[in-house]
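Q: I am new to this structure and should like a close look at one chain. Please describe in a connected way how its parts are arranged and how they meet one another.

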Amino acid sequence: MLFNSLEFIILLVITFFFYYLPLLSRVQVPVLILSSLCFYAYGQPILLLLLLFSAAINIFTSYKVVTGSPNRRKFYVTMGVVVNLSILACFKYSPLFAKTLLDTSQGLGHFLLMMPLPIGISFYTFEGISLLVDVYSNKHRDSFAIKGPVKKHIINTLFFISFFPHLIAGPILKAYQFYPQIGRKYLKDVDWEYVAKKLIMGYFLKMVVADSLSNLTFWMASPYFEVQSSLTLLTMLFGYSCQIFADFAGYSLIALGLAAMFGYSLMDNFNFPYISTSFSEFWRRWHISLSTFLKEYLYIPLGGNRKGNVRTYINLLLTMVLGGLWHGAAWSYAVWGAFHGGALAIERFAQNFTGSKEPGRLRTFFKGLMVFCFVSLAWLLFKLPFEHVVQYLRAIGTNIHVKNESTLIICLLLYSIPVVLYHLNYVLSTQWKVHDRFRTYRYLAYGFLLFMIIVNSGPSGAFIYFQF
Amino acid sequence: MIRKSIITCVGCFVVYNLFLFVSRGEKKTGQYQYQENIIKAERYLYAAKPYRCVMTGSSLSDKMLVDSLPGMYSLSLPGLHPLDGIRIIESGKYFPDTVFIETNFFFGPEDKSFTGHFDSKIKNTLKRKLPALLESNQPVGIARYFIGSFFHQEKKGSNARVLKNEINIPESVFSRLLRGKAEAYQVIDSAAVDSGLSVLSAEVNTLISHGCKVCFFEMPISPELEDLPMPVYVRQSIEKRFDGMANVGFIRLPASRDYKTLDGIHLNEYGAREYTRYFKSEVMRPGVIK
């Protein structure tokens, strides 16, 4: 169910009405759970069973970690993590395994290739893992603890896993951040200005920018890119960078706005990533919920940067390769992760020699440009199979004399402008403190964005990150 | 802030509609293929005067220079099939006198998400009354039109382009595309063709029952491909089903064909112009449709 579909709007209105009905105030969380299960079941009803199974495993094992015998805590957390990863491996990575090692035209290979990919599986299995690790480590006992009757734990955990704003494309929630928020909510406490800003910006980025750009970057696919000029290919690459940001950041903003309507605060998932002047900064600003998850539950347990330089570089590379594979069951994603891991490692290596001297503005600008160019090139691995990436790059070099597609180029640039302005606005307001006085007129911008949503939306398309 | 934003939005909407009422006239504002298809369909459905002749097809017949075919409206929709164009005709308020149907790719499935755009009566009514809701009037499309016009103005005064019968893509790329198509055309997908033929047959009967005449035409493709098993099977299937039927005619491929294509199936500009001339002469020939 897409966030901009009529079915979703109807579900949202009904849920909102019953959620804040005083008569049903004691069952607010079950109302949201029911709504979330309907939301998930709409597209793939049979796979609702998998979601419920995953939630059941996490409920059982997390409860046993807390209330069971101390000697068995490790057993239960291990069991829970292994089951979560097995579900992910089975449904998400078996086609990759089949394509790499088996004959996919018949037998087991064909069966594995045909496995359905449950939407949102990468997100809710990671949340289950984070819950288990948090209850086992007990690091956040001041803010989060599982206690009380098992019925409450079942409801809270099912809610944590299935809450619809974040269910199918994040942000990936951490249990210790979400559980303390669970409780009765009041309509008068809803920050409608915050909700409106998030929803308007989110829907604008998704419906106007991303959905339109997706029709323009269609021509990046093979064999179409082979007959495009170098300039057209480069512009499409730039447009795709803007598209993937607008799509994912737009979704995340909508998720934040929707959650806020029901009194819940989700973490920001994007912090203007394309202004980053280093790769480590990029990963502090892009898909923040995933990068913090990987840091907390993979990079640091591997040793982080505490075991010498070489081990640090290996940990960075491994974390990013696995992070890449999380995105999709294809080797191109692993290569994408390796690119970023390699860049982080090289950057870390270079920092050991240059020290922490503050660079000048010009140098900062060029560093930012370099990071953006690298990140954009790497996005090609998201868009195309590996062999086509090589052909695409080759075409950029060889198609200099092919005629430019001016309509395509102009449209790509026009739709990319909002992404540029979005980042520029941040830079001007936070780093250069240029236009504080214009804050009074923000409503003009939001009004215009709303107008553009009504008159300039592209054809509805699924969020790119739904496939992960 | 919310109230002020809504007021701003409404204000922009009203002003934009007024601007569109004042600056009437069709402009080429499509930004991408899918949208251009929607624009074509909207212009047909919401036209002030009915069109007497309509062409339906795919990206192949979209190459034709319809401006030089007076009275003809093209519902040839790149990425889609003739059936989608026929559905648009059926969802309109009238039926044209003659429907020209491209036969190269008649057997594709209907794109329900496209034709579904025009199912809602409320949406259709709003679009007729409020031009800002039409795809052709998207602000970015209009901006793109003006930017494009500005740059093209600089080229005014240059001599009219002389079209050459050539293709401007690398030879190696063209050969690979042609080879790919040739391999695909070796295999006859009789299930798809036969099933498509049943659907097409029902649609043709519907059109005829509403007073239309139907004329099939085949777009020329690369000579290396046109006599391969699949195109031959498609051609023969159409002939076998519809030849001799009342109110049905055929525009067959010209005897002498010197067409070059961009990728094996889409005509280059020169070929499109030459074929359009041939098509026009055939349409005007008496007895084309029985």
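A: The account below follows chain A from its domains to its helices, then to its partner chain and to some unusual backbone places.

The model is predicted, and for that reason local features are reported only at a pLDDT of at least 70 and side-chain atom pairs only at pLDDT 80 or more, while totals for chains, interfaces and linings use all residues. Residues are numbered from 1 along each chain as its sequence is written, and chains are lettered from A and ligands numbered from 1 in the order in which they are written.

Chain A is divided into domain 1, residues 6-189, and domain 2, which is made up of 192-277 and 359-467; these bounds come from an automatic or database domain assignment. Taken over C-alpha atoms, the centres of the two domains of chain A are separated by 30 Å. Where they meet, 15 residues of domain 1 of chain A are in contact with 16 residues of domain 2 of chain A; contact here requires the C-beta atoms of two residues, placed from the backbone, to lie within 7 Å. On the domain 1 side, helix H1 (6-19) and helix H8 (164-167) of chain A each supply at least two residues. Helices (H or I, at least four residues) and strands (E, at least two) are DSSP runs, numbered from the N terminus. The residues on that side of domain 1 divide into nine nonpolar, four polar and two charged, where Ala, Val, Leu, Ile, Met, Phe, Trp, Tyr, Cys and Pro count as nonpolar, Asp, Glu, Lys and Arg as charged, and the others, Gly among them, as polar.

Within chain A, consider helix H3 (48-67). Its 20 residues reach 28 Å from the first C-alpha to the last, close to the 28 Å expected at 1.5 Å a residue; the expected span is 1.5 Å times one less than the number of residues. The buried residues of H3(A) include Leu51(A), Ile57(A), Ile59(A) and Val65(A), together with Ser54(A), Asn58(A) and Thr61(A). A residue is buried if 20 or more other C-beta atoms lie within 10 Å of its own, exposed if 12 or fewer, and partly exposed in between, with C-beta atoms placed from the backbone. Among the elements covering the buried residues of H3(A) are helix H2 (28-43), helix H4 (73-101), helix H6 (121-137) and helix H7 (150-162) of chain A.

One of these covering helices, H6(A), is itself mostly covered, with 15 of its 17 residues buried. The end C-alpha atoms of H6(A) are 24 Å apart, which agrees with the 24 Å that its 17 residues should span at 1.5 Å a residue. H6(A) packs against H7(A) at an angle of about 140°, with the axes 9 Å apart. Axes are lines fitted to C-alpha atoms, for helices over the stretch in contact, and angles run from 0 to 180 degrees between N-to-C directions. The angle makes H6(A) oblique to H7(A): angles under 35 degrees count as roughly parallel, over 145 as roughly antiparallel, 65 to 115 as roughly perpendicular and the rest as oblique. In this packing, Tyr124(A), Glu127(A), Gly128(A) and Leu131(A) of H6(A) meet Thr157(A), Phe160(A) and Ile161(A) of H7(A). Asn138(A), which follows H6(A), has a positive phi, near 60°.

A second packed pair is formed by helix H11 (230-261) and helix H16 (361-383) of chain A, whose axes come within 9 Å and cross at roughly 75°. H11(A) is therefore roughly perpendicular to H16(A). Residues making the contact include Leu237(A), Phe238(A) and Tyr240(A) of H11(A) and Val375(A), Trp379(A) and Lys383(A) of H16(A). By class, this contact has eight nonpolar, two polar and one charged residues.

Chain A also meets a partner: 30 residues of chain A are in contact with 28 residues of chain B. Helix H10 (192-216), helix H18 (406-431) and helix H19 (442-455) of chain A each supply at least two residues of the chain A side, and the largest share, 11 residues, comes from H19(A). That side has 20 nonpolar, six polar and four charged residues.

Some backbone details remain. Most residues other than glycine have a negative phi, and most peptide bonds are trans. A cis peptide bond with omega about 5° joins Gly170(A) and Pro171(A), and Pro171(A) lies in the loop between H8 and helix H9 (175-178) of chain A. Ser222(A) and Pro223(A) are likewise joined by a cis peptide bond, with omega about 5°; Pro223(A) is placed in the loop between H10 and H11 of chain A. His287(A) has a positive phi, near 45°, and counts as buried because it has 22 C-beta neighbours inside 10 Å.
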